[in-house]
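Please walk through this protein with me, starting from a single loop and working outward to the whole chain.

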Amino acid sequence: MGLFLKKRVEMPDKMILENTEFIFERRLGFHVGELIVWDRKVKILLEFQSTEGNIGDIILEKVNWVNDHKDTIIRAFLDENDDCIGVVNEMIEDGTLEADGKISEDEFVKALFVNNVTVFVNGSETGFYIDLDAEPDYFMGHLFCIEVDCKYKIEVGGFNG
């Protein structure tokens, strides 16, 4: 992980994208707004490393890719973490996690959602992170980070938070 380590460029404190205002939050170091991802309003964080190209189109292309490739993203997560459903079922069994009973892969997949997307805007080299979450909270308060490079190669990371 860590493909996105370039220097940040200065941008106006406010910008509009798809009728959504993105405001620079100094404590985070990102412009923050909300767009719909996987049928939910999701926080989108933007870090500008370049002003090359049509920035709005670049950002929307990445968000649209996440929306259009939900199954691909989830399959990459499950392939890299083939034991996660077993771990959740063990936590249910030993009482660490409250649930009516063991869960299936289908139930686990239905619980997954995107908590936020962080886009590192850098012209044709723009990549992004997706933080997955689950409801019920199968990740026990953590988020699972997935990195996607500018060529849409997915690298499954680990837990955040």
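Asn-81 sits in the loop that links α2 (70-80) to α3. This is a predicted model. Is Asn-81 buried or exposed? Its relative accessibility is 16%, so Asn-81 counts as buried. The cut-off for buried is under 20%. Which residues does Asn-81 contact, once its neighbours within four places in sequence are left aside? They are Phe-144 and Val-156. Phe-144 falls within β7 (143-148), and Val-156 falls within β8 (154-160).

Step forward into helix α3, which covers residues 84-93. Cys-84 belongs to that range. Cys-84 is buried, with a relative accessible area of 12%. Glu-90 lies in α3 too. Here the picture changes: Glu-90 has 54% relative accessibility and therefore counts as exposed. Glu-90 is also a long way from Gly-56. The two are 34 residues apart in sequence, and their C-alpha atoms are 44 Å apart in space. Set that beside the C-alpha trace of the protein, which spans about 50 × 25 × 25 Å along its principal axes.

Now take the cysteines. How many disulfides does the model have? The count comes to zero. Cys-84 is in no disulfide, and the nearest cysteine sulfur, that of Cys-145, is 16 Å away. A disulfide would require two cysteine sulfur atoms within 2.5 Å. Why does Cys-150 have no bond to Cys-145? Its closest cysteine sulfur is the one in Cys-145, at 16 Å, and that is too far for a bond. Cys-150 is buried as well, with a relative accessible area of 18%.

Turn to the loops between strands. Trp-38 lies in the loop between β3 (30-37) and β4 (40-48). Its phi is near 50°, a positive value in a residue other than glycine. Trp-38 is buried, at a relative accessible area of 8%. Tyr-152 also has a positive phi, near 65°, and again the residue is not glycine. Tyr-152 belongs to the loop between β7 and β8. Is Tyr-152 buried, exposed or partly exposed? With a relative accessible area of 22%, it is partly exposed.

A third loop holds a cis peptide bond. That bond joins Glu-135 and Pro-136, with omega at about 10°. Pro-136 is placed in the loop between β6 (127-134) and β7. Just before the cis bond comes Ala-134, in strand β6. Ala-134 counts as buried, at 5% relative accessibility. Its contacts, leaving aside neighbours within four places in sequence, are Ala-111, Leu-112, Phe-113 and Phe-139. Ile-73 is 61 residues from Ala-134 in sequence, and the C-alpha atoms of the two are 14 Å apart in space.

Go back along the chain to Ser-50. This residue lies in the loop between β4 and α1 (55-68). Ser-50 is buried, with a relative accessible area of 12%. What does Ser-50 touch, not counting residues up to four places away in sequence? The partners are Val-9, Ile-55, Val-121, Asn-122 and Gly-123. Ser-124 tells a related story. Ser-50 and Ser-124 are 74 residues apart in sequence, while their C-alpha atoms are 9.7 Å apart in space.

These parts can now be placed in the whole. The protein has four helices and eight strands. From the N terminus on, the order is β-β-β-β-α-α-α-α-β-β-β-β. How do contacts bridge the sequence? Among contacts between residues at least 6 apart in sequence, 49% join residues at least 24 apart.

Overall size comes next. For 161 residues, a compact globule would have a radius of gyration near 15 Å; the protein has 17 Å, which agrees. Of these 161 residues, 49% count as buried. The accessible surface comes to about 8800 Å², and 46% of it belongs to carbon and sulfur atoms.

Charge closes the tour. How many side chains are positive and how many negative? There are 16 positive and 33 negative ones. The centres of the two sets lie 7 Å apart.

Notes: Residues are numbered from 1 along each chain as its sequence is written. This is a predicted model: local features need pLDDT of at least 70, side-chain atom pairs count only at pLDDT 80 or more; totals for chains, interfaces and linings use all residues. Side-chain values use heavy atoms; hydrogens and water are left out. Buried means under 20% relative accessible area, exposed over 50%, partly exposed in between (1.4 Å probe, protein chains only). Helices (H or I, at least four residues) and strands (E, at least two) are DSSP runs, numbered from the N terminus. The radius of gyration is taken over C-alpha atoms; the globule rule is 2.2 Å times the number of residues to the power 0.38. Contact means heavy atoms within 4.5 Å. Accessible areas come from the Shrake-Rupley method with a 1.4 Å probe; for residues, only the protein chains shown count as cover. Lys and Arg count as positive and Asp and Glu as negative; His and the chain ends are not counted. The place of a charge is taken as NZ of Lys, CZ of Arg, CG of Asp or CD of Glu.
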